[in-house]
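Thank you all for coming. I would like to take you through one structure this morning, starting with a single side chain and working outward to the overall form.

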Amino acid sequence: MRSLIIGGIEIPIRAAHSLTQSYTHAQAVARLRMSNGDLVQQSSWSGKLNTSIDADGLMPAGIHELDFLQGITIKCVADRAVSSASNVITVPTARRADYGVEGKALVADIWQSTPVSMATDVATLTIVAGATLYQAIYWPELICFCDPPAETRNARSGDYGWTLTGEQL
């Protein structure tokens with residue numbers, strides 16, 4: 001089981017029996033309609049992520065004392081993948097070094113594991129006969145500005161809940 005680490009604190013499994021992490025893309029994009037009705041898109045940057053973590057457990061997460069005025073490192077538990085027809089795939093630098101990169105090859109609509117060798121940010125997956133697509137799977141490590149977590153306590157069941165959202169620096 002992968003561990004979630006927020007600001008150097010490993011979240012105990014008892015604080016996150018149920019855990020969902022989601023990602024959304026952050027970008028500076030504006031879409032404008034011209035006088036003739038055409039749609040024009042302008043962008044100044046892209047390539048950053050926002051993340052949201054929702055968890056429930058039998059104890060608090062214990063992260064409310066982190067310094068949320070500074071960037072917080074989140075070692076994520078939800079994996080992401082980069083797909084390619086090629087077995088050589090560039091993966092983002094912002095990934096967990098402690099988990100490495102896993103390789104998958106699609107053969108006849110079935111994903112198979114395949115070994116990966118890494119050179120900096122380039123994953124070379126072992127070629128699989130008949131593969132039509134490859135995926136390099138990684139776990140992000142994001143430095144984010146976060147608001148302090150929203151925390152709940154169910155007085156009847158005794159369960160704790162918390163939500164943390166972060167925007168990648």
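Before I point at anything, let me fix one term: by a polar contact I mean a pair of N or O atoms within 3.5 Å, where, inside a protein, one atom must be able to donate a hydrogen and the other to accept it. Please also keep in mind that what you see is a predicted model.

With that term in hand, let us turn to Q21, which sits in strand β3, the strand running over residues 18-33. A polar atom of the Q21 side chain lies 3.1 Å from the backbone nitrogen of A78, and the side chain of Q21 also makes a polar contact of 3.0 Å with the side chain of T51. Is Q21 buried or exposed? Its relative accessibility is 11%, and since the cut-off for a buried residue is under 20%, Q21 counts as buried. If we set aside the neighbours within four places in sequence, the residues in contact with Q21 are T51, S52, I53, I74, C76, V77 and A78, so the two polar partners, T51 and A78, both appear in that list.

Let me move to one of the sheets. Three strands form an open sheet in the order β7-β11-β10, and their pairing is antiparallel. β7, residues 88-90, and β10, residues 116-119, are the edge strands, and because each has a single partner strand, one side of each is left without a neighbour in the sheet. Neighbouring strands here are turned against each other by 25° on average, with direction ignored. Looking at one pairing in detail, β7 and β11, the latter covering residues 122-125, are joined in the antiparallel sense over three bridges, and I89 has A123 in β11 as its bridge partner.

Finally, the protein as a whole. How many helices and how many strands does it have? There are zero helices and 15 strands. The radius of gyration is 20 Å, well over the 15 Å that the globule rule gives for 169 residues, and the protein is therefore more spread out than a compact globule. Taken along the principal axes, the C-alpha atoms fill a box of roughly 55 × 55 × 30 Å. Of the 169 residues, 35% are buried, while the protein exposes about 10000 Å², with 51% of that supplied by carbon and sulfur atoms. As for contacts with a separation of 6 or more, 70% of them are between residues 24 or more positions apart.

Note on methods
Residues numbered from 1 in each chain as written. Predicted model: local features only at pLDDT ≥ 70, side-chain atom pairs only at ≥ 80, totals over all residues. Heavy atoms only, no water. Pairing = 2+ DSSP bridges. Helix = DSSP H or I, 4+ residues; strand = E, 2+ residues; numbered from the N terminus. Axes fitted to C-alpha atoms, helices over the stretch in contact; angles between N-to-C directions. Buried < 20%, exposed > 50% of the residue type's maximum accessible area, 1.4 Å probe, protein only. Contact = heavy atoms within 4.5 Å. Rg over C-alpha atoms; globule rule 2.2 N^0.38 Å. Areas by Shrake-Rupley, 256 points an atom, 1.4 Å probe, with all protein chains shown as cover.
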